[in-house]
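Morning, everyone. I have one structure to walk through today. Let me put it up.

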Amino acid sequence: MANEDQRIDVVEQGWRLPVVVLGVLLAPLLETIDSSIVNVALPTIQGNLGATLDQAAWVVTAYIIANVIVIPLTPWMQSRFGRRQYFAATIVGFTVVSVLCGTAGSIEQLIVYRVLQGLFGGGLIATAQVTLRDTFPPEQVGASQGLFAIVILIGPIVAPMIGGVIVDNLSWQWIFFINLVPGAAAAFIIATMLRNPTRPRVLPVDALGVAFLAVGLGSLQFILDEGERRDWYNSVEIQLATFAAIAGLIAFAVWELRGTSRPIVDLRVLRYRAVAAGSLIAIGTAATIFGTILVLPQYTQNVLGFTAYDSGFLLLFRALPVMLLTPVVAGLVGSGRLDARPVMAAGFLLAGIGSLMQVGVTTSETGFWTLVLPLFIAGLGGSMLFIPLLITVQSTTPPNEAPQASALITLAFQLGGSIAGAIAVTLIDRRADLHLDTLAGTANAARIPVQQFLDTHQSVGQLFSAIVTQAQTLAFADEAWLLGIAALCIIPIAFMMPRQPRDLSGVEIEAG
């Protein structure tokens, strides 16, 4: 009888491989789409359920807070209950609660369901990533992580367009109901075909660690989601949340490293250089991706007058190079023919160039096709970031510590997107106000352009509206500039990563 800690070979062959891979990939695809698609429907949900703007915002915030708390706990869950059992249970729970979200009759009920959905959804991404690693032979780790990256990167990009089509042609409830069929298919495949790499074993519950983690990460996510809406540190709630986040995360780190012999989140995996540096790169990658995904639709719809569908379609030009080049990058980096470090550096360089090019074409009258080239170049960069990162992390950590590594990288990616969103929203609001003050201060009747405008339009209101539009446009250009500079500044971190092994079939893992 095998020892409970002994690993079982779960590499799939033949017809089982594509079926298991399909089931595994459906889970993170559902999670990434669902985390973004709701944003499109928020105004409709607010109107239909008679909610205030703050209440509607909690439909998103509640999900993300629950999600980010669960992510680091997934390795413990897999070990305690078995990967197959835990994975199947999270998919079933996510799917069932998705249907409940669609049946919610009040905003309070919907928020409660979204908390539950986030708790189930938090386990999908990290579990799927490490499952793919074990499902493929070691020499095909590039292919496994390439498939995973395509899903993770494409999901948030296509979600706004899918949401726009659903809201325009059906009802907001269907953004949740569409999870039913793929969720059921994924749950069936995982429950009946996935094999556990280790036997489930009884583990003590690190209740204090869970409590510190929930307080720390939950408070941090609350700050990032609610900070700008509550005027940051002019708000008592944000001040208290900051204290709770700092105290909770410090207490969590000290307790997990010093206070318990069986930590629920093994932070010691950060001794691997790939995991420590990779977490920073994951934050930067998420910032470059989600910063654009969040802000671009606001610019194209509010300033340029695009429809939600056109805005989503425009983002596909950023997704196109990701879909086309990700398998190529995965093959070259996964086989060891290309060093992951310069590939990631080139990715951040292209992402930065794309964002800086976008600055030059950000006007109040920019056409659809003018934005395509900057987005395409940024997409080329995106195709070179996540894949090399995942391959390096997965190929330089031992199999028994891969779940912890995956969970930390997933958490960093999630927090990076939240940080980018908080900074982007704040920057645009503040810079728009600054530009408005500057432009309004120079728009006096003595200036010839102002006289010409008033002679043509004969309305001070139209003049002010034009000034507001220009101020917003300049703010969006500032945000694109910041994203570009940030991407360029991350380049040196890529060279902090270790080189991935050339032969992934027999890997010697060393810390440091």
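Start with the lining of the second largest pocket: its residues divide into ten nonpolar, seven polar and eight charged. Keep in mind that this is a predicted model. The lining has 25 residues in total. Pro-75, Ser-79, Arg-201, Asn-400 and Gln-404 lie nearest the centre of this pocket. Its volume is about 580 Å³.

Which helices supply at least two residues each of that lining? Helix 3, residues 74-81, and helix 17, residues 402-442. Helix 3 gives the most, with four residues.

Stay on helix 3. Its buried residues are Thr-74, Pro-75, Trp-76, Gln-78 and Ser-79. Pro-75 and Ser-79 you have just heard, among the residues nearest the pocket centre. After helix 3 comes Gly-82. The phi of Gly-82 is positive, near 95 degrees.

Now the other contributor, helix 17. Ile-409 is found there. Is Ile-409 buried or exposed? Its relative accessible area is 2%, under the 20% cut-off, so Ile-409 is buried. Pair Ile-409 with Val-215, and the two are 194 residues apart in sequence. In space they are 20 Å apart, C-alpha to C-alpha.

On to helix 7, residues 141-169. It has 29 residues. From first C-alpha to last, helix 7 reaches 41 Å, close to the 42 Å expected at 1.5 Å a residue. Where does helix 7 bend? At Gly-155, by about 35 degrees. A proline, Pro-156, follows within four residues. Helix 7 is also mostly covered, with 22 of its 29 residues buried.

Compare the figures for helix 10, residues 207-226. This one has 20 residues. Its reach is 28 Å, first C-alpha to last, close to the 28 Å expected at 1.5 Å a residue. The buried residues of helix 10 include four with leucine or isoleucine side chains: Leu-213, Leu-217, Ile-223 and Leu-224. Gly-209, Gly-216 and Gly-218 are also among the buried ones. So are Gln-221 and Glu-226.

Take Leu-224, in helix 10. It has a relative accessible area of 15%, and because the cut-off is 20%, Leu-224 counts as buried. Leu-224 and Thr-61 are 163 residues apart in sequence. Their C-alpha atoms are 9.4 Å apart in space.

One more residue of this kind: Val-97, in helix 4, residues 83-103. Val-97 is buried, with a relative accessible area of 6%. Val-97 and Leu-116 are 19 residues apart in sequence. C-alpha to C-alpha, Val-97 and Leu-116 are 6.9 Å apart.

Last topic, the aromatics. How many aromatic pairs does the structure hold? Eleven. Take Trp-172 and Phe-176. Their ring centres are 6.3 Å apart, and their planes stand at 90 degrees. Why is the pair edge-to-face? Because planes over 60 degrees apart count as edge-to-face, and these are at 90. Both partners are buried: Trp-172 at 1% relative accessibility, and Phe-176 at 0%.

There is also an aromatic cluster. Phe-306, Phe-313, Phe-317, Phe-368 and Trp-369 form it.

That's my tour. Happy to go back to any of these on the screen.

Methods. Residues are numbered from 1 along each chain as its sequence is written. This is a predicted model: local features need pLDDT of at least 70, side-chain atom pairs count only at pLDDT 80 or more; totals for chains, interfaces and linings use all residues. Side-chain values use heavy atoms; hydrogens and water are left out. Rings of Phe, Tyr and Trp (its six-membered ring) pair if their centres lie within 6.5 Å; planes under 30 degrees apart count as stacked, over 60 as edge-to-face and the rest as tilted. Buried means under 20% relative accessible area, exposed over 50%, partly exposed in between (1.4 Å probe, protein chains only). On a 1 Å grid over the protein atoms alone, a cavity is a set of points where a 1.4 Å probe fits but cannot get out, and a pocket is an open set with protein on both sides within 12 Å along at least five of seven lines; lining residues have an atom within 4 Å of a point. Grid points are joined across faces, edges and corners, and a volume is the space filled by probe spheres set on the points. Ala, Val, Leu, Ile, Met, Phe, Trp, Tyr, Cys and Pro count as nonpolar, Asp, Glu, Lys and Arg as charged, and the others, Gly among them, as polar. The expected span of a helix is 1.5 Å times one less than its number of residues. The bend at a residue is the angle between axes fitted to the seven residues ending there and the seven starting there.
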